[in-house]
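Me: Please take me on a close tour of one part of this model, its interior: the buried segments and the spaces left among them. I would like the terms spelled out as you go.

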Amino acid sequence: MIVLPIYDMLLLPGVNFYFRKDVLSSMPVKEFPDGEDVLFLVQNTDKKKSELQPQDFYEKGLIGKVDSVDDEGNVSIRVTDRVRISDIENEGDVFSASGSICPLVEDISEEERREKYQETQRSLLRFVQHFQWGIVARTFIQHWHSLSEMICAISAYMNLTPEDKYEILATDSHRERTDLIQNSIFEFIEMVKISGEAEHAQRETHERAYRETALKKQISILEQELDEMHPENISDVRKFEKKIDEAGMNPEAEAEARKVLNRMKQEGKDSHEYGMLYDYLDFVTTLSWKKAEPEPIDLREAEDILNEDHYGLDKVKDRIIQQIAVMALKKQQSGSILLFVGAPGTGKTSIGQSIAKALHREYVRISLGGIRDEAEIRGHRRTYIGAMPGRIMEGMKRSGASNPVIVLDEVDKLANEYHGDPASALLEVLDPEQNFSFTDHYMNVPYDLSDVLFVCTANTADTIPEPLLNRMEMIQFPGYTAVEKFQIAKKHLLPKAMESMGIKKSSLKVTDDALRMIISEYTAESGVRGLKKQMDILCRHAAVKLVRGDQKSITVNVKRIRDYLDGRGIRHDSRMEHALPGVVTGLAWTQAGGDILFIETSVTEGSGKLNVTGQLGDVMKESVQIALTLTRSMFPEETREWEKKNIHVHVPAGAVPKDGPSAGVTITTALVSLALQRPVPTDIAMTGEISLRGGVMPIGGLPEKLMAAQRAGLKRIFIPYENVEDLEDVAGEVKDDLEIIPVKRVEDVLEAAGLIGEETEAEKADVA
């Protein structure tokens, strides 16, 4: 028996197969006697004959007999049956094997099989008549007698894989084989029709798909020609192709943009995803990808702009000028990320706008207050419905530049929730070592933020996470003094309010005394936000009178202030008129600036209980405990009876929450005054954290506290010795009005206040 391996050939029982002479030359068998049995082994992989192993063959093969050999050596073999192969062996190119017959399951009638053959034959005959070679093909088709002959004859021209061909051979069901052959031939006919007659595509689904592709290509060509003729009517696809070409994107961004553009072409305008793809391309092509050339920086011009836009803030301006000077020398973005910390209305945000103006850059403000979701910074992934870019990249789009000045407002009000930590997301944005390849989740490609000048603002640095705070240089914005507020109101706030209300300069005049009265009696803040509101209120009332024609010009003086402002003004706490034992004035810092507070203490009959009221926080309650312990340790005889009495510590304005350690020295002084029954002079105030050893430790917010003391009419102020350097940040007019006494220990305060030491000092104090 002759054993021949075959690959990618379809042979079926009942079919004559012809080996050409050129094929025979590659076979290991040279002689094919008539009637000789031939066993065909079907390869499952394409290998050279010398490399084939038994596992490289399918389990089913074919057996046939040599029918004839012509004079030229071409061999005709008639395939008779399918066989199950076993015992495959080979020596070089010579194979040997055995097999058992695998009969077909006759589950289809001869009549039905004949009908299917005739149906397929008619389809082929109709198909070939459209081709020039159709006459020759019809002759061959009419000589076939079965579907097996038909498929074996044309399988070489069909797109059947070796696996498809083996599937037809391997099936044991006659019906299944018939259906596989018929379906393969019909698919072949349709594929040839589509490729050759695309313009006459039929209504079937697969044909419509080919037609749609051809039409889209034609439309694309026509649109391109129309775009060249009418640029104003350019299509979306062509518009974005042009934008991508001109954008100057980095390789990753350009590859992603073109990928989305190709998808947009395929989807078409009727697709539900077209809008999302359009929005993405519109966003990334609107961004400025090209590095901006550094513009020359005029330091004198920058100084003039800062001084023109903001009164005071000399130290802040000096630090900004230093940053600008470094940038001018290096010709690139350089230096720390600036963090402006101060009370509302002190000019933190507006000075960022002045920096942009001084550098001739675009200005963008991004408010971060209340952000709880990390996606607000990094953006949403496009897999989500309603995905949007983060606020950073949205700000870059609004700026239209690659090097804007971006003010990140209220970084101290970022929240941390289960949606992620937005403060941590800002680390990459603000870190110069990382932000050159910042990746927004929506864009999914890196973007260079290294040329952006970031300026952050906060009311307090206490709530800013340490890793984020370390990446920024903190600059304190002290509150404005009354003198500075007067100049700001006169030179900036009032003129701007008049301009916004449409009031001419000649129509309204506000006297200097009236402005000072508004500042002192209608505002209570470190900044000028409340003052601006009062200017707006005054101008609105004046506008009503001018429009009614009551007056052609208006002059607002002290006597007429109440006619132009709502309400009676703000009640400020001022120094006490009479000194009482156990009552001492302290200084506090609030979000609106500095303020004074009174520490009131009292002793009543009881059981040694300590009562604390005034809505104090945990830290301040601990200060009361420390102060009480310290007082008892310093004055054991005077406080011996307190073990049988109740001590009550109260801080007025009970509706306002209060917390912080800086009232420790004030509480201690009040308790000592209560124990000794000696009053503290009313012109004295103090601030400082206290320790159990009696040390006075440093505090924050000193400039604001001293301004509150000046406003309240106080004269002598005790501050921690370690806060002496902070006096540089206090305005000169404030320091001139106050006697500021640095202290290291609580005894220094008690002695200076006349509670200990020479009794004559307390007696001389004006406590009437």
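## Inside the model

Reply: Let's start with α16, where Pro422, Ala423, Ala425, Leu426, Leu427, Glu428, Val429 and Leu430 are buried. Buried here means under 20% relative accessible area, exposed means over 50%, and partly exposed is in between, with a 1.4 Å probe and protein chains only. The helix spans residues 422-430, and eight of its nine residues are buried, so it is mostly covered. Helices are DSSP runs of H or I with at least four residues, strands are runs of E with at least two, and both are numbered from the N terminus.

A word on the ground rules: this is a predicted model, in which local features need pLDDT of at least 70 and side-chain atom pairs count only at pLDDT 80 or more, while totals for chains, interfaces and linings use all residues. Residues are numbered from 1 along each chain as its sequence is written, and side-chain values use heavy atoms, with hydrogens and water left out.

Two of those α16 residues, Leu426 and Leu430, bring us to the core. The largest nonpolar core has 55 residues, and Leu408 and Leu449 touch the most other members. Such a core is a set of buried Ala, Val, Leu, Ile, Met, Phe, Trp, Tyr and Cys residues joined through side-chain atoms within 4.5 Å. Setting aside neighbours within four places in sequence, Leu408 is in contact with Leu426 and Leu430, and also with Ile366, Leu368, Ile392, Phe454, Val455, Cys456 and Thr457; contact means heavy atoms within 4.5 Å. Another core lies apart from it, with 51 residues that include Ile324, Ile519, Tyr522 and Met535. In soluble globular proteins, nonpolar side chains tend to be buried together.

Next, have a look at α18 (residues 482-501), which has a kink of about 50° centred on Ala489. The bend at a residue is the angle between axes fitted to the seven residues ending there and the seven starting there. Ala489 is itself buried, as are Glu484, Lys485, Phe486, Gln487, Ile488, His492, Leu493, Leu494, Ala497 and Met498. The buried residues of α18 pack against α11 (299-309), β14 (508-510), α19 (512-522), α20 (529-548) and α25 (732-737). Just after the helix, Gly502 takes a positive phi of about 75°.

Two other helices have a buried residue worth a visit. Leu702 sits in α24 (residues 702-711), and because its relative accessible area is 2%, it counts as buried. Beyond residues up to four places away in sequence, Leu702 touches Ile719, Asn723, Asp726 and Leu727. Its C-alpha atom is 8.9 Å from that of Pro478, although 224 residues separate the two along the chain. Tyr274 belongs to α10 (residues 274-286) and is buried because its relative accessibility is 10%. Leaving out neighbours within four places, Tyr274 is in contact with Asp236, Met264, Gly268 and Lys269. The C-alpha atoms of Tyr274 and Arg263 are 9.0 Å apart, with their positions 11 residues apart along the chain.

Now for the empty space. On a 1 Å grid over the protein atoms alone, a cavity is a set of points where a 1.4 Å probe fits but cannot get out; a pocket is an open set with protein on both sides within 12 Å along at least five of seven lines; and lining residues have an atom within 4 Å of a point. Grid points are joined across faces, edges and corners, and a volume is the space filled by probe spheres set on the points.

The structure holds two cavities of 30 Å³ or more, and the largest has a volume of about 90 Å³. Of the 13 residues lining the largest cavity, Met9, Val42, Pro162, Lys165 and Tyr166 lie nearest its centre. Helix α5 (residues 162-170) gives the most to this lining, with four residues.

The second largest pocket has a volume of about 940 Å³. Its lining has 28 residues, with Trp144, Cys152, Ala153, Ile154 and Tyr157 nearest the centre. Elements giving two or more residues to that lining are β2 (16-19), α2 (110-128), α3 (134-143) and α4 (147-154).
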